[in-house]
Amino acid sequence: MRKILSLILYLFLLFSLIACHSNDTTNSSLPSQLSEQKDDETKIKEWYSKNKVKFTTAELEKAINTQYVLPKNIILMIGDGMGINDIILTNRFGKSLFDFGLVIDHLPNQGFSITDSAQGVTDSAAASTALSTGEKAKNGRLGIDKNGNYVENTSELARHYNKKVGIVTNDAVFGATPSGFVVHCTDRSNTDEICQKLLTFAPDVLIGSSASIFTESINKSDYHRILLEDINLATDQAYWEGALNNDPDFEKAFFGFMNVSFSYDSSQLAQATELALNRLENKDGFFLMVESAGTDKAGHNKIIDNKIHGVSSFNKAVAVALKYCMNNPDTILIVTSDHETGGVTLPNGDYELSDSLFTTDQHTNAKVGVFALGYGTEYFNNKTVDNTDIAKFIHAAIKVETYK
C-alpha cells in the first residue's frame, strides 16, 4: 500500500512539474512575442504619423488649373480591386482625408473602364497585361495576349524612347500587377522566373515587398547574381537611406523593399512614390506605375475597414503624384483600377459601415473609375473605355502621338 501511495505521489509531482514547465514556457515566450509584434506595429504607425502627406485646397486648385503641355512623363496609378463604391464609402468614412476629401474626385477628366479579360471576369495578371500592352489576355498570363503571343508592354516601349521606368507597389514586387508591366510569363505563379526577369529588365526604380522571396529566387542563378552588381539594393526600408546615399547620381537602378501592413491607413506608398519621382526625373522623361494593393486584399478578406484604409493610403500617393504634375506640366496622370473586388454595396438608411456590405470575396466585372489630368486626357471624360484603351492612350503619349 505504501508503495502504491509513493507511486501516486511521484506521478502527481511529475505531472505538476510538466504542467509548470509548460506554463512557464507559455508565459515567458508568447507574451514577449506578442509584445514585439505590437511594438513593431506601433513604431510603424508612429513613424508614418510624423511623416504625413500634406496637400492643401490651394495646391489642388493650382494643380487642376495648370496649363498642361505635350507629355514627357506618364504616371499610371492602379488601385487594385478598388471599385466605385469603395471610393464613395471612403469619402464618407475615411478619417485621414484632405480638407477637400479624395484627390481623385477632383481630377478634371473622369470616366469608366471595362475590365473583362479574354475569359470573362479578370484576374490581376490579365488586367495588368491589358493596361500595359493594350491587348486582352487569358487569366494568369503576363505580357502575353489571348493568342499566346508576347506583346510589347509600356515599360519596354518607354525604354525604347529613352525614358526611365519606375514600378512601385505595396504588394510583392513579383505580384501580378507590377509584373504585368515588365515581364512576359505564361503563369503568374512562376515566382522564380518572374523575379529573374524583373532583375534582367531592371526598372530604374522597383519598390515593393517580399524581399526574402525575391532574393531567394534571383540567387538561384549565378548569372543574376552578377547582374546585382548594377543594382542599388535595399532589402529593408531601414536600409533605404544608406543605399540611396551610396548612389547620389542615380547611376544604378534602385530596388527598395518595405514591410507592409494593410490593417491601417499609412503614408508608406506615398513616400515610395515621392522617392520614385525624385529618382526618375530626367531630360527624356519617364513612365511610372504605382499600385495600391490594400483594396484588393480587403475585398478578398471581406474587411470593410481595410477597404477604407486602402483607398485612403492610395489617396496620399495620388496627392504626391498630382503635386509633381503641378510643378511639371509636361506630365500625364491617370488613376484607375484593374478590377473591383468584393462586390461592395452601399448601406441603406442609417449608412452604417459593416462587413456585410460585401457580396463576394472574389473579383467582379463591375466597371471601375478612370480619373485623369494632363495633356489630351479629355479623351476619358464622360466616357466608358476598355482597359486596353488606357494602355493605347499611354503608348501614344510616349510616342508623342494623339490617341483617338
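Start your tour by selecting D123, at the start of helix α4: one of its side-chain oxygens comes to within 3.3 Å of the backbone nitrogen of A125. This is a predicted model, in which local features need pLDDT of at least 70, side-chain atom pairs count only at pLDDT 80 or more, and totals for chains, interfaces and linings use all residues. Residues are numbered from 1 along each chain as its sequence is written, and side-chain values use heavy atoms, with hydrogens and water left out. Helices (H or I, at least four residues) and strands (E, at least two) are DSSP runs, numbered from the N terminus.

**Helix α4**

Next, select residues 124-133, which make up α4. Here 10 of 10 residues are buried, meaning under 20% relative accessible area, with exposed over 50% and partly exposed in between (1.4 Å probe, protein chains only). The cover over these buried residues includes β1, α5 (154-160), α6 (176-179), β8, β10 (363-364) and α14. Step just past the helix and you reach G134, with a positive phi near 85 degrees.

**Across to α14**

Now add residues 387-398, helix α14: its axis and that of α4 come within 5 Å and cross at roughly 35 degrees. Axes are lines fitted to C-alpha atoms, for helices over the stretch in contact, and angles run from 0 to 180 degrees between N-to-C directions. For the contact (heavy atoms within 4.5 Å), show A127, A130, L131, S132 and T133 on the α4 side, and N387, T388, I390, A391 and H395 on the α14 side.

**The sheet**

Turn to the strands: 10 of them form an open sheet with mixed pairing, in the order β5-β6-β4-β3-β7-β1-β8-β11-β2-β12. Two strands pair if DSSP finds at least two bridges between them. At the edges, β5 (231-234) and β12 (384-386) each pair on one side only. From one strand to the next, the twist averages 15 degrees. Keep α14 visible, as this helix packs on the sheet, touching strands that include β1 (73-79), β2 (109-114) and β12; the directions of α14 and β12 make about 80 degrees.

**Strand β8**

Finish on β8 (331-336). Six of its six residues are buried, so β8 is largely enclosed by the rest of the structure. Look along the strand: T331, L333 and V335 point one way, while I332, I334 and T336 point the other. β8 pairs with β1 in the parallel sense over six bridges, and there I75 has L333 as its bridge partner. With β11, the pairing is antiparallel over three bridges; select V335 and you will find F371 opposite.

Technical notes:
A polar contact is a pair of N or O atoms within 3.5 Å; within protein, one must be able to donate a hydrogen and the other to accept it, and residues adjacent in sequence count only if both atoms are side-chain atoms.
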